[in-house]
Amino acid sequence: MKEEIEKFFKGEIRNDEETLKAYSKDASLFEVRPKLAVFPKDTEDLKALVKFVNEKKGIDPTISLSVRAAGTCMSGGSLNESIIADVSKHMNKIGEVSEGGTWVEPGTFYKDFEKRTLEKSLILPCYTASKNLCALGGMLGNNCGGEKTLRYGKMEDYVLESKVIFSDGNEYTVKPLSRDELELKMSQNDFEGDIYKKIHNLIRENKELIDTSKPNVSKNSAGYYLWNVWNDNKFDLNRLLVGSQGTLGLITQAKIKLIKPDPVSKLLVVFLRDFTHLSEVVNVILPTNPESIESYDDATMKLAFKFLPEMIKSMKIKSFAKLLFSFIPEALMMIRGGVPKLILLVEYSGSNEKEVDQKMKDINEKIKKFHFQVRLTHSLEESNKYWTVRRESFNLLRKHTEGRRTAPFVDDVVVRTEHMPEFLPRMREILDDYSLTYTIAGHAGNGNFHIIPLMDMRDKRNIKIIEEVSEKVYDLVAYYKGSITGEHNDGIIRTHHLSKMYSADILHIFERTKDIFDHQSIFNPGKKTGGSKEYTLSHIAVEP
């Protein structure tokens with residue numbers, strides 16, 4: 001296969017042991033060994049590769065293609081047994097930065113993109129906690145969200161236009177269409193027109209089922225977002241392609257909308273002794289339009305204090321002693337009353353200090369009735385200490401736990417905020433029944449929590465635990481009518497659990513969607529549709 005591809009491919013092609021081993025893993029639990037890793041120079045390379053895979057499918061049914069960039073996917077979305085195309089090496093160009101739309105290629109690392117956008121005081125606000133590691137391609141594929149999603153929305157809200165290679169090997173421009181433009185597009189007697197016609201008909205014929213199947217939560221990355229495509233006035237396939245994990249086509253460029261953030265922001269820190277009033281306080285805060293409502297649990301707080309000097313060093317501050325001293329109030333609070341079960345970080349922003357200070361005072365007054373302990377931060381440095389606990393504690397835990405590794409398998413659950421006080425203790429009970437070591441952090445304003453245990457994957461008994469805990473946690477999520485993934489997507493780890501959220505009828509419509517775009521299943525198979533428990537469990541890497 002390598003020799004055949006070399007005839008038309010300008011980029012590098014590798015099948016050496018070191019390369020294949022590297023591309024058999026991402027940030028997930030899995031190990032899936034590819035046959036080939038390629039590094040396309042440009043869109044023409046990718047188009048030719050798609051046509052090659054399409055032609056070879058009849059001879060070799062196992063051949064397929066998955067695109068990869070940073071390899072930070074926690075669901076196994078970038079793994080494949082056939083061909084991996086890494087776009088981060090060459091396809092990483094950024095166009096002229098503009099608030100109205102900036103063209104960017106999928107291999108661009110977000111940290112490089114942000115550097116350019118900040119030069120014009122602009123950001124893409126759906127950035128993830130892993131923004132120093134991830135790339136735009138993965139952000140598009142997973143429909144990413146993060147700490148600012150509460151106010152600004154997810155990636156699906158920021159794609160104005162895209163260029164996509166469909167399974168016929170040709171590149172098409174995808175943008176919102178009016179009713180008349182849609183009629184014209186569907187009248188085309190070609191592959192593109194056929195996709196638009198079939199997807200439109202699929203949505204029209206199953207409108208009631210599709211609309212009632214939409215998860216009633218503020219964040220969701222599970223399944224295909226067919227409910228977002230057509231509102232009787234605007235038809236936008238980008239709303240389906242974003243979050244599809246490269247299973248429907250390959251995005252070669254995207255025109256991204258940016259925002260100008262408020263220049264001033266401050267943090268209110270709320271310490272909760274239990275979950276009793278969690279939903280009440282969150283629902284008091286939400287109408288005040290905070291920038292974010294983030295959270296972390298008591299295990300995270302204990303970890304932060306256990307390795308406090310090391311954590312503070314990671315903050316790269318000028319006055320180590322001053323910041324160390326600033327943690328004394330929290331330490332005294334823990335000594336007097338114990339560690340809070342949950343810490344909420346509520347961020348407000350505005351055009352000036354006076355405006356933000358007033359917001360902080362107003363919300364402090366509103367939540368006084370709960371008798372929580374509260375801290376109002378007065379500087380960026382003071383706010384950063386809490387953000388560092390939220391972002392860095394898990395890395396510390398991983399470093400200081402020998403023989404165990406991160407095990408993301410129930411890492412992204414979502415419920416409505418009113419269900420959080422019941423849901424969180426019940427979920428923790430499931431995890432504690434298996435004596436798992438884990439931390440909980442997440443986006444409390446969205447009811448979205450990240451639970452990532454540490455496990456010794458040399459012990460094969462943990463594979464059984466992973467499946468049992470997944471079944472129980474996702475059954476609990478289904479009971480509260482939530483989502484099994486708010487932003488990390490389905491991948492290998494969750495595709496076979498989609499039946500927890502969706503009926504057999506809507507799952508069949510997802511299969512038809514895949515078939516319309518990719519009849520031969522050449523794009524990233526086994527994600528969104530076609531996954532199985534057997535495949536998932538058999539590809540968990542049994543080593544740290």
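These questions and answers go through helix packing, nonpolar cores and a few single residues in a predicted model.

Colleague: How do helix H7 and helix H8 pack, roughly parallel, roughly perpendicular or oblique?
Modeller: Two packed helices are described by the angle between their axes and the distance between the axes. Here H7 covers residues 179-186 and H8 covers residues 191-205, with axes 7 Å apart at an angle of about 120°. Roughly perpendicular ends at 115 degrees and roughly antiparallel starts over 145. Therefore the relation of H7 to H8 is oblique.

Colleague: How many nonpolar, polar and charged residues make the contact of H7 with H8?
Modeller: From H7 come Leu182, Lys185 and Met186. From H8 come Glu192, Gly193, Tyr196, Lys197 and His200. Sorted by class, the contact has three charged, two polar and three nonpolar residues.

Colleague: Is Lys185 buried or exposed?
Modeller: Lys185 belongs to helix H7 and is in contact with Leu177, Glu192, Gly193 and Tyr196, leaving aside neighbours within four places in sequence. Its C-alpha is 6.9 Å from that of Tyr196, although the two are 11 residues apart in sequence. The relative accessibility of Lys185 is 16%, and the limit for burial is under 20%. Lys185 is therefore buried.

Colleague: Which helix gives the most to the largest nonpolar core?
Modeller: In soluble globular proteins, nonpolar side chains tend to be buried together. The largest nonpolar core in this model has 114 residues, and those with the most contacts inside it are Leu124, Met155, Leu237, Ile256, Leu344 and Met427. Eight of the core's residues come from the helix that gives the most, residues 461-479, which is H19.

Colleague: How many residues are in the second, separate core?
Modeller: This core stands apart from the largest one. Among its members are Leu36, Ala69, Ala85 and Leu250. The number of residues in this second core is 22.

Colleague: Which residue with a positive phi is in contact with Met155, and is that residue buried or exposed?
Modeller: Beyond four places in sequence, the contacts of Met155 include Leu124, Cys126, Val242, Ile256 and Asn143. Most residues other than glycine have a negative phi. Asn143, in the loop between helix H5 and helix H6, has a positive phi near 55°. Its relative accessibility is 0%, so the residue asked for is buried, and its name is Asn143.

Colleague: Is Asn289 buried, partly exposed or exposed?
Modeller: Asn289 sits in the loop between helix H11 and strand E10. Its phi is positive, about 60°, though the residue is not a glycine. The relative accessible area is 45%, and partly exposed covers the range between 20% and 50%. Asn289 is therefore partly exposed.

Colleague: Which residue's backbone oxygen lies 2.8 Å from a polar side-chain atom of Ser483?
Modeller: Ser483 is in the loop between H19 and helix H20, and it is buried because its relative accessible area is 0%. Not counting residues up to four places away in sequence, Ser483 touches Val217, Asn220, Asp412 and Met501, among others. The backbone oxygen at 2.8 Å belongs to Thr485.

Notes: Residues are numbered from 1 along each chain as its sequence is written. This is a predicted model: local features need pLDDT of at least 70, side-chain atom pairs count only at pLDDT 80 or more; totals for chains, interfaces and linings use all residues. Side-chain values use heavy atoms; hydrogens and water are left out. Axes are lines fitted to C-alpha atoms, for helices over the stretch in contact, and angles run from 0 to 180 degrees between N-to-C directions. Helices (H or I, at least four residues) and strands (E, at least two) are DSSP runs, numbered from the N terminus. Angles under 35 degrees count as roughly parallel, over 145 as roughly antiparallel, 65 to 115 as roughly perpendicular and the rest as oblique. Contact means heavy atoms within 4.5 Å. Ala, Val, Leu, Ile, Met, Phe, Trp, Tyr, Cys and Pro count as nonpolar, Asp, Glu, Lys and Arg as charged, and the others, Gly among them, as polar. A nonpolar core is a set of buried Ala, Val, Leu, Ile, Met, Phe, Trp, Tyr and Cys residues joined through side-chain atoms within 4.5 Å. Buried means under 20% relative accessible area, exposed over 50%, partly exposed in between (1.4 Å probe, protein chains only). A polar contact is a pair of N or O atoms within 3.5 Å; within protein, one must be able to donate a hydrogen and the other to accept it, and residues adjacent in sequence count only if both atoms are side-chain atoms.
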